[in-house]
Amino acid sequence: MDEKFMRLALDLALKGEGKVNPNPLVGAVIVKNNKIIGEGYHEYYGGSHAEVNAVANASESVEGSTIYVTLEPCCHYGKTPPCVNLIIEKKIKKVVIACLDPNPLVAGKGVKILKDNGIEVVSGILEKECSDVNEIFMKYIVHKKPFVIMKSAMTLDGKIATYIGDSKWITSEESRLEVHKLRNKVSAIMVGIGTVLVDNPSLTCRIEGGKSPTRIIVDSTLRIPISSNVVHIKDEAKTVIVTTEKGDKKKIEELENLGVEVIIAPIKSGKVDLSWLMQTLGEMKIDSILLEGGSTLNYSALNENIVDKVQFYIAPKIIGGENSKSPVGGEGKKYINGGFQISNTKVRTIGIDTIIEGYIKREEHKGCLLD
């Protein structure tokens, strides 16, 4: 029964996707006499936490009940009061938790406070599932850098475009819809100037009720045409162009007058220093990036060790061509054993396409709460 109610809490947590960044996705379910009497989730950044909403929505007194929550209740004052105080005040009898919160402000302290007040606490129910849902939050909160997902669509023979540059459309409509759902989930989408010059994309989220992420264009020498879609599109998202001291000062001023934010980044190996950029974007509260770059930016991102997860959509078609581009270009690795290792790979299908995703092999991230 614990898993059943926790799964409901997890489903509730997912309703906050795209709205709570850089906070975690959290859901809560209150049960009394084996009946659900209250449900809630963290609905938007700065809003009430899941536990507060669940109590507010309860159909009867929560005294003596059990609350299922996907993340350890907070015990500090942030934008909202501590949730442990509410649980104690409302005389909830038992708290079932999926994931403990490693935030130094919480880090098991919430559990201790609850136990010290005579409340039974059980933890670790659907822990992995709830942790996986918050993989973005788990990295960002510890390292203060965005979680980067490198996404690419390619043919069975590993091509992202034909030899003349045609790439519309490699994958199915179902795959493209899923990508837009992913755009809704992340804080930002990042491409290189090559993608802008070839495709002139809008980089928006086109699903009903979705939000467009911040658009980030990596453009070391500021080659972006003033007429580009990303410069003139008007929606809730902003466009950020990252250049270097090589960028023309008058063009920077012109772009800024059009509402574009321009960041001057240090140069590394003749290009934008991507490691520095991740630190800077993290300070801007950008907790996640969908990297939809071309082969050059993709290799640079992998080489600079800023990529956390890869997601490849593979279409059942072959186009061939020595000059047809692949997802990852650049200089490449000299030896096979020097390649970027992927762990925890998963394979699934969507429409006629196959999706392979996994994580860049490195030390596992741990997370905590940001209010």
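Q: Is Phe-340 buried, partly exposed or exposed, and at what relative accessibility?

A: This is a predicted model, and burial in it is read from relative accessible area, with buried meaning under 20% and exposed over 50%. Phe-340 comes out at 30% relative accessibility, so the residue counts as partly exposed.

Q: How many aromatic pairs does a search of the whole structure find?

A: The search finds 2 aromatic pairs. In one, Phe-5 and Tyr-68 are tilted, with 5.3 Å from centre to centre and 45 degrees between the planes. This pair links distant parts of the chain: Phe-5 belongs to helix α1 (residues 2-13) and Tyr-68 to strand β3 (residues 66-71), 63 residues apart. Phe-5 is buried because its relative accessibility is 3%, and Tyr-68 is buried because its value is 5%.

Q: Why is the pair of Tyr-299 and Phe-340 called edge-to-face?

A: The general idea is that ring planes over 60 degrees apart count as edge-to-face. The planes of Tyr-299 and Phe-340 stand at 70 degrees, with the ring centres 6.1 Å apart, so the pair is edge-to-face. Tyr-299 lies in helix α12 (residues 295-303), while Phe-340 is in the loop between β14 (309-315) and β15 (342-350), so the pair ties together parts 41 residues apart in sequence. Tyr-299, at 9% relative accessibility, counts as buried.

Q: Where does the charged end of Lys-168 sit?

A: The charged end of Lys-168 is placed over the ring of Trp-169, at 5.2 Å from the ring centre.

Q: In what order do the strands of the open sheet come?

A: A sheet is read strand by strand, from one edge to the other. Here 5 strands form an open sheet in the order β2-β1-β3-β4-β5, and the pairing is mixed. The edge strands, each pairing on one side only, are β2 (35-41) and β5 (120-123). From one strand to the next, the twist averages 15 degrees. Strand β1 (residues 27-32) runs antiparallel to β2, joined by 6 bridges. Lys-32 stands opposite Lys-35 in β2.

Q: Which strands does α1 lie across?

A: Helix α1 lies across β1, β2, β3 and β4 (94-99), and runs at about 140 degrees to β1. As noted, α1 is also the helix that holds Phe-5.

Q: Which residues point one way from strand β13, and which the other way?

A: In a regular strand the side chains alternate between the two faces of the sheet. In strand β13 (residues 288-291), Ser-288 and Leu-290 point one way and Ile-289 and Leu-291 the other, and all are buried. Strand β6 (residues 147-155) pairs with β13 in the parallel sense over 4 bridges, with Ile-149 opposite Leu-290. Strand β7 (residues 188-192) also runs parallel to β13, joined by 3 bridges, and Ala-188 stands opposite Ile-289.

Q: Which residues is Ser-295 in contact with, leaving aside its neighbours within four places in sequence?

A: Ser-295 lies in helix α12 and, at 10% relative accessibility, counts as buried. Its contacts beyond those neighbours are Ile-160, Lys-325, Ser-326, Pro-327, Val-328, Gly-329 and Gly-330.

Q: What pLDDT does the protein average?

A: pLDDT is the predictor's confidence in each residue, from 0 to 100. The protein averages 91, and 95% of the residues score at least 70. Over residues 364-371 the pLDDT is below 50, and this stretch has 42 contacts in the model beyond near neighbours in sequence.

Note on methods. Residues numbered from 1 in each chain as written. Predicted model: local features only at pLDDT ≥ 70, side-chain atom pairs only at ≥ 80, totals over all residues. Heavy atoms only, no water. Phe/Tyr/Trp six-rings, centres within 6.5 Å; stacked < 30°, edge-to-face > 60°. Helix = DSSP H or I, 4+ residues; strand = E, 2+ residues; numbered from the N terminus. Buried < 20%, exposed > 50% of the residue type's maximum accessible area, 1.4 Å probe, protein only. Lys NZ or Arg CZ within 6 Å of the ring centre and 35° of its normal. Pairing = 2+ DSSP bridges. Axes fitted to C-alpha atoms, helices over the stretch in contact; angles between N-to-C directions. Contact = heavy atoms within 4.5 Å.
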